[in-house]
Amino acid sequence: MSLDMFGQIDDVFESIPATRTSYSGGGYVNGIYVDGVETTESHTVNVQPATAREIETLEKGGERIVDGRRVYVNDGLLASISQADTWDFDGQKWKCHALDNRPWRSYCRIIVGRFDVQL
């Protein structure tokens, strides 16, 4: 029996609203780059702190990570979620670093990181 998040996210964990932004269709037309279409979609997500091991893995990418989180999504069209998406929740923007989106499961697990501003 596989892990199923239905009945767990709102009964055990507190869910919050989040917005996912994705970009598609950008490319070169006659040598000129044309921007793609930006789409946003609302989700209800459960956010948990990332483990020390997950944060260490994020920092190996050469970017300074201020905060790392695990995000669980179990609503909306899960197949449309990609690693190139950005997420907005708690009034901040988050970049997706790892995505575990298996079609036979009823939820999607995402590791996101928030970066500090380097001036």
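A residue is called buried under 20% relative accessible area, exposed over 50%, and partly exposed in between (1.4 Å probe, protein chains only). The exercises below concern a predicted model, in which local features need pLDDT of at least 70, side-chain atom pairs count only at pLDDT 80 or more, and totals for chains, interfaces and linings use all residues. Residues are numbered from 1 along each chain as its sequence is written, and side-chain values use heavy atoms, with hydrogens and water left out.

**Exercise 1. Classify K93 and D88, whose side chains meet in a salt bridge.**

Step 1. A salt bridge requires a side-chain nitrogen of Lys or Arg within 4 Å of a carboxyl oxygen of Asp or Glu. For K93 and D88 the N to O distance is 3.6 Å.

Step 2. D88 has 22% relative accessibility and therefore counts as partly exposed.

Step 3. K93, at 61%, counts as exposed.

**Exercise 2. Determine which parts of the chain the salt bridge between E54 and R109 links.**

Step 1. The closest N and O atoms of E54 and R109 are 2.5 Å apart.

Step 2. Helices (H or I, at least four residues) and strands (E, at least two) are DSSP runs, numbered from the N terminus. E54 belongs to helix α1 (residues 52–59) and R109 to strand β8, so the partners are 55 residues apart.

Step 3. E54 is buried at 16% relative accessibility, whereas R109 is partly exposed at 24%.

Step 4. The whole structure contains eight salt bridges.

**Exercise 3. Describe the geometry and surroundings of the aromatic pairs Y28 with Y33 and Y72 with Y107.**

Step 1. Rings of Phe, Tyr and Trp (its six-membered ring) pair if their centres lie within 6.5 Å; planes under 30 degrees apart count as stacked, over 60 as edge-to-face and the rest as tilted. This rule yields three aromatic pairs.

Step 2. In the pair of Y28 and Y33, the centres lie 5.3 Å apart and the planes form an angle of 70 degrees, which makes the pair edge-to-face. Y28 is exposed, with a relative accessible area of 65%, and Y33 is partly exposed at 47%.

Step 3. For Y72 and Y107 the values are 6.1 Å and 50 degrees, and the pair is tilted. Y72 lies in strand β5 (residues 65–73) and Y107 in the loop between β7 (92–100) and β8 (108–115), so this pair ties together parts 35 residues apart in sequence.

Step 4. Y72 is buried at 10% relative accessibility, and Y107 is buried at 4%.
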